[in-house]
Amino acid sequence: MRRSMKLAAVVLSGSLGMASLAACGAKSTDTNASSGSSDGLKVGMAYDIGGRGDQSFNDSAARGLDKAKADLGVSVTEAEAKTGEAEADKETRLKNLIDGGYKTIIAVGFVYQQAVDKVAKDNPNVKFAIIDSNDKDQPSNVTSLVFAEQEGSYLAGVAAANKSKGHHIGFIGGVQSELIKKFEAGYKAGAKSVDPNIQIETTYLTTPPDFSGFNSPDKGKEAAQGQLDKGADVIYSAAGSSGNGAIEAVANAGKLAIGVDSDQASQPALSKFKNSIMTSMVKNVDTAVYSYIDSVKKGSPFTGVKLFDLKANGVSLATTGGKIDDIQDKLKAASDAITSGATTIPTTPAQ
């Protein structure tokens, strides 16, 4: 489901730095940049594997960047990680953005943590934000934008258990990492809060350092088919664009899928499957990206760790299609219990 045309290089007039950006496959979407102007805030975005067009995680970040460009008048340039690339490639991508004059850089995904730590330490005057990661030893010029994925996933589990006809559901994780385990933990806890005896299938597509599980729709489709064959009738995928394959398998079987990160029932590339997408656990990465850029532009940038939880509208369940309208009272009760502190959601799956 990725774009057919990859990010094109843009070479700025007389700019050696932007020639470096061209070498790393970056794309400028700013009219000022193309004319060589250095006025205004310049923001570089380094996407995770899959990039803009993944219908999920990266696209949510892209929406925040687009809003900042439209509303705040910032200049932007984008680049993306490649499957199987070396750590040095991530460092080079970040350095090239800096050389191109971009002094506010957002790294999309925990895969950038090591590279961000190193490059930020070497460039203390550059502001960095990293999404979905928090290294306690990261330099002071790095801000972590993190989410309570377990809270939104808990609500997804409540919905799944209420909608499953066979008391049998599934979870597919793209990469078996600490981050994705938060999705799994919340989903299972939510489902079991409704039906303690519910059966839950769990499949991870890859384990680090193999991150292709976030960009392999064929693997997602195969994993979902395996869970369907075992009797699961609602499947939640936290797997980037691999989840697109899982949604396809679920739709073909006439069962229900739960999307992730973006409202996947409203994504044009998934429109033919929208009737099978019961809901999506929306992680409002766009809100985090826009809020961070706005804070920098106002001269009071976020620092340390900025948490976007259920209370702060950092996570939510999509209602497109009306398939969870009939259980809104149950979902509201579960949500209220989380925001009031009455219910605490685990961040690691129960054994």
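**Exercise 1. The surroundings of helix α9**

Task: In this predicted model, determine how many of the residues of helix α9 (residues 242-252) are buried, and against which elements they pack.

Solution.
Step 1. A residue is counted as buried when its relative accessible area is under 20%. By this criterion the buried residues of α9 are Ser242, Gly243, Asn244, Gly245, Ala246, Ile247, Ala249, Val250 and Ala251.
Step 2. These are 9 of the 11 residues of the helix, so α9 is largely enclosed by the rest of the structure.
Step 3. The strands against which the buried residues of α9 pack include β7 (168-175), β8 (199-206), β9, β10 (256-261) and β11 (277-283). Helix α8 is also among their packing partners.
Step 4. Just after α9, Gly254 takes a positive phi of about 75°.

**Exercise 2. A buried acidic residue**

Task: Locate Asp233, and state what its side chain reaches and which side chain of opposite charge is nearest.

Solution.
Step 1. Asp233 is situated in the loop that runs between α8 (217-229) and β9 (234-238).
Step 2. Asp233 is buried, yet it has no salt bridge. The nearest side chain of opposite charge belongs to Lys255, at 5.8 Å. A salt bridge requires the charged atoms to be within 4 Å.
Step 3. The side chain of Asp233 does reach the backbone nitrogen of Lys165, at 2.9 Å.
Step 4. When neighbours within four places in sequence are left aside, Asp233 is in contact with Ser164, Lys165, Gly166, His168, Ile169, Lys255 and Leu256.

**Exercise 3. Backbone angles**

Task: Describe the backbone at Gln55, at His167 and at the peptide bond from Pro208 to Pro209, and give the setting of each of Gln55, His167 and Pro209.

Solution.
Step 1. Recall the general expectation: most residues other than glycine have a negative phi, and most peptide bonds are trans.
Step 2. Gln55 is not a glycine, but its phi is positive, at about 65°. The residue belongs to the loop between β2 (42-47) and α3 (57-72). Because its relative accessible area is 9%, Gln55 is buried.
Step 3. His167, likewise not a glycine, has a positive phi near 55°. Its loop connects α6 (149-163) and β7. With a relative accessible area of 47%, His167 is partly exposed.
Step 4. The peptide bond from Pro208 to Pro209 is cis, with omega near 10°. Pro209 is placed in the loop between β8 and α8.

**Exercise 4. Neighbours in space**

Task: Is Glu87 buried or partly exposed, and which residues does Glu87 touch beyond those up to four places away in sequence?

Solution.
Step 1. Glu87 lies in helix α4 (residues 87-99).
Step 2. Its relative accessibility is 25%, and therefore Glu87 counts as partly exposed.
Step 3. Beyond residues up to four places away in sequence, Glu87 touches Val111, Gln114 and Ala115.
Step 4. Glu87 and Ala115 are separated by 28 residues in sequence, whereas their C-alpha atoms are 6.8 Å apart in space.

**Exercise 5. The whole protein**

Task: Summarise the protein by its helices and strands, its buried share, its contacts and its exposed area.

Solution.
Step 1. The protein contains 11 helices and 13 strands.
Step 2. Of its 351 residues, 58% are buried.
Step 3. Among contacts with a separation of 6 or more, 69% join residues 24 or more positions apart.
Step 4. The protein exposes about 13800 Å², of which carbon and sulfur atoms supply 48%.

Notes. Residues are numbered from 1 along each chain as its sequence is written. This is a predicted model: local features need pLDDT of at least 70, side-chain atom pairs count only at pLDDT 80 or more; totals for chains, interfaces and linings use all residues. Side-chain values use heavy atoms; hydrogens and water are left out. Helices (H or I, at least four residues) and strands (E, at least two) are DSSP runs, numbered from the N terminus. Buried means under 20% relative accessible area, exposed over 50%, partly exposed in between (1.4 Å probe, protein chains only). Lys and Arg count as positive and Asp and Glu as negative; His and the chain ends are not counted. A polar contact is a pair of N or O atoms within 3.5 Å; within protein, one must be able to donate a hydrogen and the other to accept it, and residues adjacent in sequence count only if both atoms are side-chain atoms. Contact means heavy atoms within 4.5 Å. Accessible areas come from the Shrake-Rupley method with a 1.4 Å probe; for residues, only the protein chains shown count as cover.
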